[in-house]
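Let's take a walk through this one, strands to begin with and then the place where two chains meet. Have the structure open as you read.

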Amino acid sequence: MPQQPQPPKPDPTLTFTAKAGLPGSGQPLEVHPAVGDIKPWDLDDLARFVHMGKPRPRREGPLKVTGRARYTYDVKLPGMLYGRMIGASVPAAEILSIDTSAAEALPGVKAVWTTESRVVRFAGQDVAAVAAVSPDVARDAARLVKVHYKERPFTHELRDAMRPDAPRVFDMDRFPTGRDMGRSGNVAGPRPTRANRGDVDKGFAEAELTHEGSYYCPVHTHAPLETHGVVAHWEGDQLTIYASTQAIFAVREGVAEALGVDRKNVKVICEHMGGGFGSKLGPSATGSAFSVVACRLAKLAGAPVKLFLDRHQEHLCTGNAPSALMKVKLGAKKDGTLTAVHYQSWGSAGVAGGAGTAGPANALHGKNPNYKADEWDVFTNAGPAAPLRAPGHSQGAFGIESAMDELADKLGIDPVELRKKNEASPVRMAQYDVGAKAIGWERRNKQAGDMSTGAWGSAAGPAQGSLRRGLGMANGNWYVFAAESSNAQVRVNRDGSVEVITGCQDIGTGYRTAMAIVAAEELGIDPGDVTLRLGDTTFPEGPGSGGSVTTNSVAPAVRLAASQAREQLHALAAGLLGASAADLTAANGRISVKGDGAKSVSFKQAAAKMSGESIDCLVKRAKQYETFRGDLAGTQFAEVEVDVETGVVRVVKMVSVNDCGLPVNPLTTQSQVLGAMIQGASWALFENRLLDRNVGTMVNPNLEWYKILAPADMFEAESILTPVANAGNNTSTAGIGEPPIVPTLAAVANAVFNAIGARIRELPITPDRVLQALSEARRA
Amino acid sequence: MARRPPPPDEGREQPSFSRRSFLKSAGVSAAATTVVGVAERAPAAPAVLGPDAVTLTLKVNGAPRTVTVEPRVTLLDALRNHLDLTGAKPVCERGGCGACTVLVDGAPIVSCLMLAADAEGHEITTVEGLGSPEKMSALQAAFVEKDALQCGFCTPGFVVAGTALLAQNPHPSRAEIKAGLAGNLCRCGTYGRIFEAVEAASRASAGKRS
């Protein structure tokens, strides 16, 4: 193995000029990469690319569709035991005793663990665990564990917890929030922010029209189909953990620290992963230490232990998206020019902090001069939240973009025109018309709920019975995050075979395929001839797959490593061709002299000349450098159909327009965009984690009553990518997993308003809320 | 759409206790309040399996396979934990998501709700039996081609349900596809491309016949 490289420092003297921006309106941009980095791919490369940007089926597809892909849940080791966690059955209590004697006496039980904590703050919190010879015996044993609680009063929901007399989740000196946030009752805040600008009081005084509204999002759970779990296997002091995780290195770090063992003795493997959406970024989960418990059980039993949570447990302790109560005040001139935005948010991440939602309000409508945000965290006796696909941003966009829609209605301005009036992003400015055209925006009801003109009237005929159609739109924002500790190794073997080796896991985004494409483009070979080695902490470190960082963190390292390997191969080929290495070019598996294609050798012939068995190039990702634009822009359009007699809402069509830099593989990129719209529509219409106000436990801890969008609810979904060159790294790539779910909730809600002329300000948009809103609108 | 398994006493003689015959004889109210005393209240108590492990012969993907499991072990657990066929996935374990769908005598069944003992004497086909990475079925190949998968954990269930749908209705409309797959859930949001894959496989089979 080559040595771990030091991260290169930016070199002020190294300058490239890239043609950056949107195709058709590119502009030269000077960038200053780190020492040794290469010129970023830019707009001029689009026409030259052989593999980049071309749709390509994911390479693990055949394994997954035939049931051969081995997920963590599928791992089976000789002598393996089955573990089971036991969670608290009450939401707030003192644990007086835990009696495991009956469980220990049950034949087939091999190890038992109990918590040292005596305070229960949410139902589902870790209390005990068992390991036994079969899942059924483990379940029997779990039932035999007797926990004696002294129950305490609890608060189950955000608005309940904000009451001054609500039971306290924490003593005030134990708040899990920063010292810089104020505290009162169950409320911490406001959170310090750097987004404030101008003077909102002055801005509202200048306004010719104001709008104030309150909006509410409930808690959603991640509900990945593969629940959280690990297989823990000790061989002496060597520990191997097979983990269903988005971050194998975080599992290694967290478990090693909890167990007090050296990281070098811990190996974490994740070959395929059945969904995480942000809940699998830590060593275990935000509300459970099951990974550490599984390792302890395996040590006690002297046998490997597979420990997976069941669906009920998954809903309780593995994270969720915070609920949010948002109050938005907008001030504008009659022409739609914003003069002030005041955004307030109270969010509940259960027993955790970090329930902010101001991201979209901070970033959108950048031309507005006066902005203020206040955010509070509210504690409830519920499992701690975890990042969920653009954490806080879908909720926040529902608040701010619903309010913008209401403002447009009051002003009598087209919602798209109102956005354009206040838009600071050149990318989003270009996206509006693309999306409007794709959805047929001209069909929208000019007067919300008015069926005499617009969508239903002109395009699809007059209103049919009780069905009403409407169109809505909303914006979202996201960021170009990069994990600069990402490494990649490219190995060319003497037989010409190529390996890309990087520790990062593939969580189902098409990451494997994307890295093969990047390496192949640089080496001038076919992506199918590149073998990916990944998902193993013995490989060079890769990032945790959160924040939409994976592709744009690792791809630049892969490209640079491949470039270095290609240079070495060209030196070998130069000897064979009697040419200078600088005059060579690589394509289609051959290395040829520029301008004289007849003079060439194959990639394999060049590789055969190497001394030793392989060329290995290991690089650490360079720092993110100058970029054409700041945040990632996106906008979304929705068409819905509402039955005004039953209140049932059906999404008919959605269009998402997104910037993800230069897409590596549009096929898998667009799969993520389509998936985000579907998950977002599911949040908008169906999902709601319900805690019982009388007993504080979850009412719907399964997949029938915690309803997620199903095939019968499916709509027409269209993804349009607007490529933007130069995302600040040598591949010009950016992330896509999160941005397209930010606008969805608001886009659906705004379309419902356009259909029926009644505003739904609380999600999910269930039939009862539609009927109630209609009835209130009629009374008004 | 994947179905719950038929009551075990329908179709053939069962050695195990039948919930349906008990309900018939004892009445629903008794069943709802207690399960204690089942044996004495049911007339002509049937032969009882267990509680110890029993040896079963299951015909899986065309070959007889022997497993020794407790009678309470589900078909899903028998396949995954005893026969190393891990294509069917445990996701909700109450018949709500379709990820564990297998074919039982050609019909899509959620294997988490069927006891392995009740699967004896039936033809069981898992996703592994429909094709291999080297030789995929037309539907499996269409899933790959259309990128009708992301994390892939729901994919085997959709492939099995889609296979059953196409066997019954080789040229389903979009509405029929939605209905045929209505028992399966995907969290990554791949439904649209799954529908396209079923349609592509349907077209491919039409092309083959003509």
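**Strands, then the chain contact**

In this predicted model, chain A has an open sheet of 3 strands, in the order β6-β4-β8, with antiparallel pairing. Look at the edges: that's where β6 (119-120) and β8 (146-151) of chain A sit, each with a single partner strand, so one side of each has no neighbour in the sheet.

Zoom in on one of those pairings. Strand β4 (residues 93-99) of chain A and β6(A) are joined over 2 bridges in the antiparallel sense. If you want a residue to click on, try Glu94(A), whose bridge partner in β6(A) is Val119(A). As a reminder, strands of a sheet pair through backbone hydrogen bonds, either parallel or antiparallel.

Now for another pairing in chain A. Strand β5(A) is linked by 5 bridges to strand β7 (residues 126-132) of chain A, and the two run antiparallel. Here you can pick out Thr114(A), which has Ala128(A) as its bridge partner in β7(A). How much of β5(A) is buried? In this strand (residues 109-114), 5 of the 6 residues are, so β5(A) is largely enclosed by the rest of the structure.

Next, over to chain B. The contact between the chains draws on 47 residues from chain A and 49 residues from chain B. On the chain A side, α1 (61-65), α3 (135-144) and α17 (666-685) each put in at least two residues. The biggest giver there is α17(A), with 8 residues. Sorted by class, the side of chain A that touches chain B comes out as 24 nonpolar, 13 polar and 10 charged residues.

Key: Residues are numbered from 1 along each chain as its sequence is written. Chains are lettered from A and ligands numbered from 1 in the order in which they are written. This is a predicted model: local features need pLDDT of at least 70, side-chain atom pairs count only at pLDDT 80 or more; totals for chains, interfaces and linings use all residues. Two residues are in contact if their C-beta atoms, placed from the backbone, lie within 7 Å. Helices (H or I, at least four residues) and strands (E, at least two) are DSSP runs, numbered from the N terminus. Ala, Val, Leu, Ile, Met, Phe, Trp, Tyr, Cys and Pro count as nonpolar, Asp, Glu, Lys and Arg as charged, and the others, Gly among them, as polar. A residue is buried if 20 or more other C-beta atoms lie within 10 Å of its own, exposed if 12 or fewer, and partly exposed in between; C-beta atoms are placed from the backbone. Two strands pair if DSSP finds at least two bridges between them.
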